[in-house]
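Trainee: Could you walk me through this structure, one question at a time? I would like to follow the reasoning as we go.

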Amino acid sequence: MNNKNTMTSTSKFMSLVLRHNPGRAGLALDAQGWVSIDALLRGAQAAGRNISPALLMEVVQSCPKQRFAISADGLRIRASQGHSVQIDLGLQASVPPQRLYHGTATRFLDSILRTGLDRRNRHHVHLTDNLATARSVGQRYGRLVLLEIDAARMHADACLFYRSDNGVWLTDSVAPYYLRVLAEEEHDETHHCP
């Protein structure tokens, strides 16, 4: 088993080349974001990263967020979502739950309440049906604020939603009138992850 630092470093490198900069490892993703595992390992080696097949599989299998997917034949890998490079994940529109959540930092709140959530340099806005996940994501950016999205109303208004292989809900944007800031008591300590 590899140490946590090795796992984290490898996961970050894989995210970089499979989501944002495949050229960093001399890779070319196909239209759906797939690349052969062998090509990824060779590209990592050329980029000065020694990733063994066992380490790659350990990163894929141990990631609680399931950031990476392995093809059914076991020969290819791709990032599950979060791409800034142009790819088509082949996702089908899905009916979302009534409410979805988005965690962010308070410093972004004024702008979000004015203009809504937009995808910025990614393909979609990322949402979750789990408050703990939204909290975990939002805390990475500073003082946490949780937003509730009226996904049922958005869907009724013909906004499209997709669900990635790892359960992340995706949409093009969320207008301000679909957002509600959750009060502290609505996401108190009883909901925190261990």
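Mentor: Gladly! Keep in mind that this is a predicted model. Let's begin with a residue pair: in E3, Ile77 is the bridge partner of Ile70.

Trainee: How many bridges join E2 to E3?

Mentor: E2 and E3, the latter spanning residues 76-79, run antiparallel. Ile70 and its bridge partner Ile77 in E3 give you a spot to look at. The number of bridges joining E2 to E3 is three.

Trainee: Which are the edge strands of the sheet with the order E1-E3-E2?

Mentor: That sheet is open and has three strands with antiparallel pairing. An edge strand here pairs on one side only. The two that do so are E1 (35-36) and E2 (68-70).

Trainee: At about what angle to E3 does H1 run?

Mentor: H1 lies across E1, E2 and E3. Taking the direction of H1 against that of E3, the angle is about 90°.

Trainee: Now the sheet with E4 in it. Why is one side of E4 and of E11 left without a neighbour in the sheet?

Mentor: The order of this open, antiparallel sheet is E4-E7-E11. E4 and E11 (179-181) stand at its edges, so one side of each has no neighbour in the sheet. The reason is that each has a single partner strand.

Trainee: Which residue in E7 stands opposite Thr104?

Mentor: E4 pairs with E7 (residues 144-150) in the antiparallel sense, over seven bridges. Opposite Thr104, in E7, you will find Val145.

Trainee: Which helix packs on this sheet, touching E4 and E7?

Mentor: Look for a helix whose direction makes about 20° with that of E4. The helix touching both E4 and E7 is H5.

Trainee: Let's turn to pockets. Which element supplies the largest share of the lining of the largest pocket?

Mentor: The largest pocket holds about 1400 Å³ of space and is lined by 44 residues. Elements that each supply at least two lining residues include H3 (53-62), E4 (99-105) and H5 (131-139). The largest share, seven residues, comes from H1.

Trainee: How many residues of that lining are charged?

Mentor: Arg122 and Arg140 are among the residues nearest the centre of the largest pocket. By class, the lining has 14 nonpolar and 18 polar residues, and the charged ones number twelve.

Trainee: What is the volume of the second largest pocket?

Mentor: By class, its lining has five nonpolar, seven polar and two charged residues. The volume of the second largest pocket is about 180 Å³.

Conventions. Residues are numbered from 1 along each chain as its sequence is written. This is a predicted model: local features need pLDDT of at least 70, side-chain atom pairs count only at pLDDT 80 or more; totals for chains, interfaces and linings use all residues. Side-chain values use heavy atoms; hydrogens and water are left out. On a 1 Å grid over the protein atoms alone, a cavity is a set of points where a 1.4 Å probe fits but cannot get out, and a pocket is an open set with protein on both sides within 12 Å along at least five of seven lines; lining residues have an atom within 4 Å of a point. Grid points are joined across faces, edges and corners, and a volume is the space filled by probe spheres set on the points. Helices (H or I, at least four residues) and strands (E, at least two) are DSSP runs, numbered from the N terminus. Ala, Val, Leu, Ile, Met, Phe, Trp, Tyr, Cys and Pro count as nonpolar, Asp, Glu, Lys and Arg as charged, and the others, Gly among them, as polar. Two strands pair if DSSP finds at least two bridges between them. Contact means heavy atoms within 4.5 Å. Axes are lines fitted to C-alpha atoms, for helices over the stretch in contact, and angles run from 0 to 180 degrees between N-to-C directions.
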